[in-house]
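User: Please take a close look at one part of this protein, the sheet and the helices that lie on it. A plain description will do.

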Amino acid sequence: MKKQNQISDTEILRQKAENQLRNTHSSTDDSTLEGDVRRLVHELQVHKIELEMQNEELVLSNQLLGLANEKYKGLFDFAPIAYFVISKEGTIVDLNLKGAGMLHEDRQMLLNLKFSKFITTHCQKIFSEFLQKVFNNDIIETCEIEMIMNRPIHSIVILNGHVIEKGEQCLISVLDITARKKAESALNDKMEELKKAYKQLEEYSFHNQELKQFATISSHELQQPLRTINNFIQIFKEEYSGIFDENAYKYLDVIRDSAKRMNVLINALSDYSRLGRNKTLKLVNFKELINNVISDLDDAIKSTGAEIQVSEMPVINAYEIEIYQVFLNLIGNAIKFHKKNVQPVVQLNSEKIGDTWKFSVKDNGIGVSADHFNKLFHIFQRLHSNENEFEGKGIGLSVCKKIIELHQGSIWIEANEHQGITVFFTLPNLIL
Amino acid sequence: MNMKPIVIMLVDDNPGDNYFHTREIKKIDQNCTIINACTGIEALSYLELHKETKLLLPELIFLDINMPCMDGWEFLEEFTKLDKEMQDRIIIMLSTSQDPDDFSRAIKYPCLTDFIQKPLTEKVYQSIIKKYF
């Protein structure tokens, strides 16, 4: 096909030349010339025209080539990557603007300088080996070295090089990866930090696990001798009744009551340590939950004549059993710590703030001095020394705190303007 | 109380508890025979030893959880490996534990009849006898 085209190209050219000759002058009509000579002259004339036409084409393609060359030069000069043309001896033959900018030097000043001048001492060997490979192989070679771009700052670069100009020169692109390297090393540092933090977390959770076990086991082990005390007080009383005077039995009762109290405390401790162990997150209707708490507290409400006011409550994700405990403790406290001869009024409110729900349990009770607000959340902290007046384990609020923290929320107390306190707590929007 | 003498085994390492529990049981049932085993191993070897004669084999076993050498759970594991005939007896976990994890673990043993809190009192014992004998 190609050959046929070529033949037809020559034929077309010949045809064009013949046409042009016919149109310009009629030398073929010169009847004075011999037949052979006339034919030769004609041939010459046709060839002359052919050559002229070919010359025109050449000039045109030369112009196009010039344009392409300019375009290429522009691409080379303004390329976003630094390019250097390097001779076999390692001198800079040409470079683009980015290359000059990278070395912070005038382009002209850099010509004929050794490229290795801009390479750190310890990378010289890598570079000379790289250059050798570039000139010996007909493929793109790559290496990573450190260059002195702008004294005294070193930059890490990737060189890509391949031969041009029949193996006399090579074109090298220089890509500065210092920022990338820095980012990589920063990333590595962060990874290390993260690993350390994770390890710490693991250790912490191990300690936490140990602590939980400690609380569970110790509470179990502590029960044992306590029960023996109780049992033997009973045996003692049964077997020796009538032998001792009244005081002896009073003392025994004190011992027994103390042991019972300790039993309560140890149980509270082990309950506390078990909090949230089997927690499950589910959608909870807080209105319903609070109504259940209120019916659970029926006895206390009836005996004190308490009034419980509940405003609108949300339906959100929470650990249901644990949240139930929170409301039970808070409403229970609000009723328990009421003022003498004052009807207890407990107000429950909820409010959405951003993604978080804020709840409040407000009472009109005996109140707490502001100094004690934080102390109240400590385990076994009771503010009333008289056990008979306000019975309790001193664990209710610490349980609430632990549960709210399980929900990643916070809990705090504020004094009301006139009387009583308000316990606030927040629950973030936990995702199932 | 009119009933045929029953053989009871207390598997518990605490002598104080054993003394008290024995005393409470005897209040109801003076004719019963009470065997003490301090660990699961002791209880198991007693059962093995009396397998042939079938004399003084306990019909009711009170089992503590925390014991040295072999605890209550390990005892249950071994007990389920005994002959079917040997397994035909009432086992009641008698423990201090109020741990819900222990309750849910107990449910997994079909050979375990009940799970009660220490101490075993006269009243509790009576209700057990009523329920199972």
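**The sheet and its helices**

Analyst: A:E141 has its bridge partner, A:G161, in β4(A). The model is a predicted one. A:G161 belongs to strand β4 (residues 153-164) of chain A, which pairs with β3(A) in the antiparallel sense over 9 bridges.

These two strands are part of an open sheet of 5 strands in chain A, ordered β2-β1-β5-β4-β3, with antiparallel pairing. The edges are taken by β2 (92-95) and β3 (141-150) of chain A; each has a single partner strand, so one side of each is left without a neighbour in the sheet. From one strand to the next, the twist averages 35°.

Helix α2 (residues 35-78) of chain A packs on this sheet. The strands that α2 touches are β1 (82-87), β2 and β5 (169-176) of chain A, and the direction of the helix makes about 95° with that of β2(A). Helix α5 (residues 124-136) of chain A lies across β1, β3, β4 and β5 of chain A. Relative to β3(A), α5 runs at about 135°.

Away from the strands, a helix pair can be described in a similar way. Helix α10 (residues 320-336) and helix α11 (residues 396-406), both of chain A, pack at an angle of about 145°, with their axes 9 Å apart. The crossing of α10(A) and α11(A) is left-handed. Among the residues making the contact are A:I323, A:V326 and A:L330 of α10(A), and A:L397, A:C400 and A:I404 of α11(A). The contact residues divide into 8 nonpolar, 4 polar and 1 charged.

Methods:
Residues are numbered from 1 along each chain as its sequence is written. Chains are lettered from A and ligands numbered from 1 in the order in which they are written. This is a predicted model: local features need pLDDT of at least 70, side-chain atom pairs count only at pLDDT 80 or more; totals for chains, interfaces and linings use all residues. Side-chain values use heavy atoms; hydrogens and water are left out. Axes are lines fitted to C-alpha atoms, for helices over the stretch in contact, and angles run from 0 to 180 degrees between N-to-C directions. Helices (H or I, at least four residues) and strands (E, at least two) are DSSP runs, numbered from the N terminus. A crossing is left-handed if the near helix is turned anticlockwise from the far one by less than a right angle, and right-handed if clockwise. Contact means heavy atoms within 4.5 Å. Ala, Val, Leu, Ile, Met, Phe, Trp, Tyr, Cys and Pro count as nonpolar, Asp, Glu, Lys and Arg as charged, and the others, Gly among them, as polar. Two strands pair if DSSP finds at least two bridges between them.
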